[in-house]
Structures are given as structure tokens and as C-alpha cells.
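Biologist: I would like to go through this model slowly with you, one question at a time, and hear the reasoning behind each answer.

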Amino acid sequence: MILVPHESVARLHDPTPSTTETQLSALDNEMELIMRKKYADDSIKWKLYNEALQRYLHFNNERKKPVPRCRHAKDI
């Protein structure tokens with residue numbers, strides 16, 4: 001038998017979108033707004049678009065990093 005935290009079980013039953021889906025939706029919205037800017041020329045739009053993408057990729061890579069394990073006093 002495996003013990004699972006209550007939050008994990010609740011997340012499986014909760015139909016709300018995942019954090020990744022929410023982030024992608026926010027990224028899509030931000031990029032769409034950038035592309036619709038009428039006052040900005042293409043080079044400014046490209047810069048803003050690239051900055052939004054790099055910001056997303058940075059946080060996505062941080063999320064993928066393994067979480068350090070807690071060390072018990074007997075392990076030290």
C-alpha cells in the first residue's frame with residue numbers, strides 16, 4: 001500500500017486546469033496581445049514576444065528541477 005497526500009488525491013478529482021495549462025493559457029493571451037499592438041513596429045513586437053517566451057521557458061525549467069529530499073537526523 002502507498003500513502004498519498006490528501007492534496008494529490010483532491011487534485012485528481014478536481015476538474016480545474018493544471019498549473020501548466022493555466023500558464024500556457026496566460027502565455028497565449030500575453031503573446032496575442034503583443035501581436036495585436038498597433039503602435040509597435042515588428043522589431044518591438046518580436047522583442048516583447050521573445051521576452052514573454054523566455055520568461056515562460058525559465059519558469060518551466062525551474063519547475064522541472066527535482067525537489068531536494070528532506071534528510072532525517074539519523075542520515076546526517
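Biologist: How many salt bridges does the count come to?

Modeller: Please keep in mind that this is a predicted model. A pair is counted when a side-chain nitrogen of Lys or Arg lies within 4 Å of a carboxyl oxygen of Asp or Glu. One of the pairs is Glu30 with Arg55, another is Glu32 with Arg36, and Glu51 with Lys47 also qualifies. By this rule the count comes to three.

Biologist: Which side chain meets Glu30 in a salt bridge, and which helix is that partner in?

Modeller: Glu30 itself lies in helix H2, and the pair links distant parts of the chain, with the two positions 25 residues apart. The N to O distance in this salt bridge is 2.4 Å. The partner of Glu30 is Arg55, and its place is in helix H3.

Biologist: Are Glu30 and Arg55 buried or exposed, or do they count as something in between?

Modeller: Buried means under 20% relative accessible area and exposed means over 50%, with partly exposed in between. Glu30 has 32% relative accessibility, so it falls in the middle class. Arg55 has 38%, and therefore this residue, too, counts as partly exposed.

Biologist: What is the distance, N to O, in the salt bridge of Glu32 and Arg36, and where do these two residues lie?

Modeller: Glu32 and Arg36 are four residues apart, which is about one turn of the helix. Glu32 is partly exposed, because its relative accessible area is 38%, whereas Arg36 counts as exposed because its value is 59%. The side chains meet at 2.7 Å, and both residues lie in helix H2.

Biologist: About how many helical turns separate Glu51 and Lys47?

Modeller: The closest N and O atoms of this salt bridge are 3.7 Å apart. Glu51 is partly exposed with a relative accessible area of 36%, and Lys47 is partly exposed with 49%. Because they are four residues apart in helix H3, Glu51 and Lys47 are separated by about one helical turn.

Biologist: Lys45 is also in helix H3, so to speak of charges once more, which side chain of opposite charge is nearest to Lys45, and how far away is it?

Modeller: Lys45 is buried and yet has no salt bridge. A salt bridge needs the nitrogen and the oxygen to be within 4 Å. Setting aside residues up to four places away in sequence, Lys45 touches Ile34, Met35, Lys37 and Ala40. The nearest side chain of opposite charge is Asp42, at 4.4 Å.

Biologist: Which residues of H3 are buried?

Modeller: H3 covers residues 42–64, and a residue is buried when its relative accessible area is under 20%. For the protein chain of 76 residues, 11% count as buried. In H3 the buried residues are Lys45, Ala52, Tyr56 and Asn60.

Biologist: Which five residues form the largest nonpolar core, and which element gives the largest share?

Modeller: In soluble globular proteins, nonpolar side chains tend to be buried together. Here the largest nonpolar core consists of Leu27, Met31, Ile34, Ala52 and Tyr56. Helix H2 (19–36) and H3 are the elements that give two or more residues to this core. The largest share, three residues, comes from H2.

Biologist: Leaving aside neighbours within four places in sequence, which residues are in contact with Met31?

Modeller: A contact requires heavy atoms within 4.5 Å. Tyr49, whose place is in helix H3, touches Met31, Ile34 and Met35 when residues up to four places away are not counted. Under that condition, the residues in contact with Met31 are Tyr49, Ala52 and Leu53.

Biologist: How far apart are the end C-alpha atoms of H3?

Modeller: The helix has 23 residues, and at 1.5 Å a residue it should span 33 Å. The expected span is 1.5 Å times one less than the number of residues, which means that the last residue adds no further step. The model agrees with this expectation, since the end C-alpha atoms of H3 are separated by 33 Å.

Biologist: Finally, in what order do the elements of the protein chain run from the N terminus on?

Modeller: The secondary structure of the protein chain comes to three helices and zero strands. Read from the N terminus on, the elements therefore follow one another as helices, in the order α-α-α.

How values were computed: Residues are numbered from 1 along each chain as its sequence is written. This is a predicted model: local features need pLDDT of at least 70, side-chain atom pairs count only at pLDDT 80 or more; totals for chains, interfaces and linings use all residues. Side-chain values use heavy atoms; hydrogens and water are left out. Buried means under 20% relative accessible area, exposed over 50%, partly exposed in between (1.4 Å probe, protein chains only). Lys and Arg count as positive and Asp and Glu as negative; His and the chain ends are not counted. A nonpolar core is a set of buried Ala, Val, Leu, Ile, Met, Phe, Trp, Tyr and Cys residues joined through side-chain atoms within 4.5 Å.
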